[in-house]
Each structure stands twice: as C-alpha cells, then as structure tokens.
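Dear colleague,

I am handing over the structure below, and after it I describe what was found there. Please keep it open beside you as you read.

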Amino acid sequence: MPVINFTYEELYKQLGEELPKDELINILPMISSDVESYDDTEVKAEFFPNRPDNYSIEGIVRSLKGYLNLEKGIPEYNVQESDNTITVDPELENIRPYVASCIIRNVEIDDAELVNIMEFQEHLHWVIGRDRKKVAIGIHDFDKVEGPFYYKAGNPDEVKFIPLESTENLTLNEILEKHAKGEKYAKLLKDFDKYPLIVDGKGNIMSMPPIINSDLTKLTTDTKNLFIDVTGTDLTAVTNSLNIIAANLSENGATIETIEVNYPYRDNITYPQFEPKTIDVHTKTAEEYIGIDLTSDKIVETLERTRFNAEKIDENTVRVTVPRYRIDILHEVDIIENIALGYGFNELPAELPDFATIANPDPKRQFDQIIEQVMIGLSFTEIKSLMLTSEEQHYTKLRKEVEEDRVTVAQPITQDRTMIRKSLINSLLEFLEDNKHEELPQKIFEIGDVAYLDPEQETQMVTVKKLAAAQISSEANFTTIKSIVESFVANMGFEMKLADSDNPTFIQGRCAEFTTKPLNDNTPFTFKGYFGEIHPEVLTNFELEYPVIAFEVEFAKNE
C-alpha cells in the first residue's frame, strides 16, 4: 500500500489549524490509514488501496477537515468551461485508446509541493495504473505550451524530443533504449509499430505516454498553471484518475478548466467529470451492519462528516450524493462503512457476546498446516495472493481459451480484478515476474481457494482448495518437477498414477496429469493434479527469462 510522507508543518498549513501530535496520530487511522512511523517533524502513513483520493496531502487534509467538523459535505470546486480540445488519432484505438485532460490554474508550488505532486502521480500509477500499464499520468507546465492539443501516434524512428532528465534530443526508440524510464517501461509499447504522443498546437511534444514527459514542460517552483493528461487502456480507470487529480490539486483554491476530448471511434467526452452519483442508504440496514440505533438525521450528520452530501427522504431512507473522486463507493454497504467512520469507531459501544464458546483449532487450517509442512520440507516458500484475477492473466497469458463457466465480478473497480480464479498457476507466475530481480533458484507454493460455478448451491458457486508450486532456475526441467510431485504425494501418504496431458500452459510432451490413491483406507480426502515445464510463450507473457516448472493439485473429500 502507498506510504504518504508529510510534515506536521505542511499539514497544519493546509488544514488551517494545529492539533496536538498525539491527537493527529490517533485520528489518521479513522480516515482509512495505518500510521507506519512518526517523529517530531514527519509522519509516514500507509493509506488503503481503496482510497487513492487520500494519496496526497490535499486529500488527507480534505478528509481531516470533515472528521474534525471544520468542513462538511462535498467540497465545491471552481470549474470553468474552456474552448481547449484534445483530438485523438484514429491509429491509437488499438494501441492506447483513451485520454482525459484538464487545466489547473493558479497553483502554488514550493519545493515540498513539487515533491508531493510527483509522489502523488507515482502512487496513482501504481494503484490505479498497474505500474502505468492501464493508466499513465502527465503533469505539465501549461504556460510553456498552447492549444489545441493532439493525442497522436508517432513514428518511433522519426519523431524526436528531449525527455525529462536528459539533454539529448532522442527518437522514440532511442528513449526506450537509452533512457532509464524508457528501459523500465519499454515492455508496454513493444508490440506496437507506432507510439502515443501528446502534442500541442505548435507541434511541441509534451509527453510520450506511458514512458516519459518532455523536458519542455517540466514543473518548477515558478509553475503557476498545470496541464494534466491521463492516458490508458481502460476508460473508467482513466476517468477516475483524472477526477482524483483534478479534485486534489484544486483543493487550495485553484481553478479547473475543462478540456473536450474529440474521438474518431467513440463519443466525445468533456473532462473532468465531476457529476456525482446518488445511492440510497436505509436506516434499518445500517443499524444491522453497525449494531447501534440510528436515525435518518444522525446518518445525515455522520455522512456529511465523511464529505458526502446527504438528504433525509423519510425515517428509513437517506439519499447520499457521492463525489466522483470517491471511486471506492459501489454499494449501500460502502456508504454504511462511512456512517461508522463518521460516527467514530472509538465511539461504538463495546459489547460482550451473550453466549460462551470453547475454542478449537479449525480443521481446515490444520489440513493446510500439514500441506505447508510437506512443502517447506521440500524447500519451498509460501506466498499468498488475491482470489480475484482477470481473464488476461488467468487465461490469455497461459495460452488458454476464456471459459464461459467462470465466476465474474459484476462491478469491477479495475480491469485486472474481473473474476475469481479457478487455478493458482497464474498467481505464482505473477509473483515470479514481480521478483525476477531476486537471486535464483526461486521455489514458491500457495495453498488457496478457487471458485467454480455450481447451480445446485445456494450461492450458485462452490469453493475448492488447491495447492500449486513453481520453481524458476536455469536447471528446471520435467525430471525435477516429477521428482518433486512424487515426493509430495508420498509424504501425503498416497500413490499416484500418471497420464498424458495436453495442457496448453505447458510444453507438450513435458507435462502430465496424475490421480492419487491413499495408502490408508481411512484417509478422508484425495487429490488429483498436473505438472510439467511451462511453455516458452507463457514465460514470455510473464517476462520470465529462465525455465519454470510447476504443479497444481485439487483436493476433495473422499466419498
């Protein structure tokens, strides 16, 4: 989770008043953060992934003002219409199709704020942008350019500009080969013949998303007006990112000017999109979730404290207006969580349960511990990953066709969390991709639940426990993984039978399926699985440079 560093001095300057340091440290967890460390001058607070609107000091101050009753309800921003436009090149539809933009006027930037803006930008790149793959953000000195603006596809070997942190005029391909940022993010453009560019009305190149901005539009402490561009592959993520940036950077009285995006392949859009949405919350439902007596009037009061607008419809219904920068609000239960925040978690009454229980170990956890002991004995290290994944990671990158019978997320916040996994293999490969800078060999395993559709169940789905393990090294081969699986099966008290496998994730002829039979007739479970050498195309998809071997087993009760 992103860690936001700020000094008491800059916080109190924007807040407009000082607080005792101990009081501030106690309040910060009430606005969705975890205080990592603090001293006499600075605080380091880790903010939750669902609250990117708090990833800058302006967002933190906005939340604090509500919690401290200094301001209530949705902040009002000065948004002015302008005749500025940004026109999109048709060739970008299959490269990086979406862009959102606006202008922020009359900002005050000192050295601390300059650092804050850059850190805010990178936090959003990581959490919403998935390290710039889905969203990339450019923040420019607007006074150094002029409209109208263009989002173009440029020839990599012909177009040149001077990138940030450089004095040399480089072609787009040279930037990918020579510049530090280019080398790091070249993978995002490697499959395309042309690269995206933001260009002003005079033909000046402002940025090469998602790689680097131009040195021409570099921010300084003399910058007074900002041009924001957000590009990406997911329209919702692009829109959300711009809304958050525009709201946060205009918190201290700056003026927002709109920019219209003219598309050749979809309807035009004017940004920022600050039109709020409304959600009804019901008093009885809130009482059931929070466990206290509430009235509609009290709910209105608590929600205004958490920076929503709220209107009492009747004694059981409150209509809540949600600002567009609060991208975490999807459902009534999200509003109820904010009612509890506004009420104050520390003010909620403590209550002992009216029944007594005797604690016993969870049988499921005991079973997991047996598997863990076996895998640790085989020199593997355990990891844990999210159950949510995406069709691209779960199917496409593994060379599999997307299945219809999968459990999908009805309202996904991000493009990479759209379904519940049916396998653990892609999670292991993603972990190896994120840790490819570490020493080899790497041997990892995960024990986790997967989900299958099941119409006979009340929830229409069933969860199943699986184990998966992977090893990456220069010497990884079929013989090695077969030996590992044989050892695991034997240590679990089973014998196995092998069969051919045509699993496309593995190299054909170097993978196998297996079934097992318990050596003890009283064993209450059984399992089956597969193993082999990961296909070279899959390794390329996950940017892995060494051979990988893996196996996965699925456990079931012994009927």
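Helix α8 (residues 283–290) lies across β17 and β19 and runs at about 70 degrees to β17. Here helices (H or I, at least four residues) and strands (E, at least two) are DSSP runs numbered from the N terminus; angles run from 0 to 180 degrees between N-to-C directions, the axes being lines fitted to C-alpha atoms, for helices over the stretch in contact, and contact means heavy atoms within 4.5 Å. Helix α10 (residues 332–343) also lies across β17 and β19, running at about 70 degrees to β17.

Before going further, please note that this is a predicted model, in which local features need pLDDT of at least 70 and side-chain atom pairs count only at pLDDT 80 or more, while totals for chains, interfaces and linings use all residues. Residues are numbered from 1 along each chain as its sequence is written, and side-chain values use heavy atoms, with hydrogens and water left out.

The strands under those two helices belong to an open sheet of 3 strands in the order β17-β19-β18, with antiparallel pairing, where two strands pair if DSSP finds at least two bridges between them. Because β17 (277–282) and β18 (309–314) stand at the edges with a single partner strand each, one side of each is left without a neighbour in the sheet. From one strand to the next the twist averages 25 degrees. Strand β19 (residues 317–322) is joined to β17 by 6 bridges, the two running antiparallel, and H282 has T317 in β19 as its bridge partner.

Helix α9 (residues 296–305) has S296, I299, V300, T302, L303 and R305 buried, where buried means under 20% relative accessible area, exposed over 50% and partly exposed in between (1.4 Å probe, protein chains only). The cover over these buried residues of α9 includes α3, β17, α8, β18, β19 and α10. After α9 comes R307, whose phi is positive, near 70 degrees.

Helix α3 (residues 57–67) is largely enclosed by the rest of the structure, because 11 of its 11 residues are buried; among them are E58, R62 and K65. N69, which follows α3, has a positive phi near 60 degrees.

As for the whole, the protein has 15 helices and 28 strands, and 53% of its 559 residues count as buried. Its radius of gyration, taken over C-alpha atoms, is 27 Å, which agrees with the value near 24 Å for a compact globule of 559 residues, the globule rule being 2.2 Å times the number of residues to the power 0.38. Along the principal axes, the C-alpha trace spans about 75 × 70 × 50 Å. Of the contacts in the protein with a separation of 6 or more, 70% are accounted for by residues 24 or more positions apart.

The largest nonpolar core (a set of buried Ala, Val, Leu, Ile, Met, Phe, Trp, Tyr and Cys residues joined through side-chain atoms within 4.5 Å) has 75 residues, and those with the most contacts inside it are F6, L11, I60, I104, L226 and I228. Helix α7 (residues 235–249) gives the largest share of this core, 9 residues. Apart from it lies another core, of 27 residues, including F367, F445, A512 and F525. A512, in β26, is also the bridge partner of D500; strand β25 (residues 494–500) and strand β26 (residues 506–518) run antiparallel and are joined by 7 bridges, with a hairpin of 5 residues leading from β25 to β26.

Two single residues may also help you find your way. T231 lies in strand β14 (residues 226–232) and counts as buried because its relative accessibility is 0%. Its side chain makes a polar contact with the side chain of R96 at 3.1 Å, a polar contact being a pair of N or O atoms within 3.5 Å, of which, within protein, one must be able to donate a hydrogen and the other to accept it, and residues adjacent in sequence count only if both atoms are side-chain atoms. H179 is found in the loop between α5 (172–178) and α6 (180–185), and at 6% relative accessibility H179 counts as buried. A polar atom of the H179 side chain lies 3.1 Å from the backbone nitrogen of K181.

With best wishes
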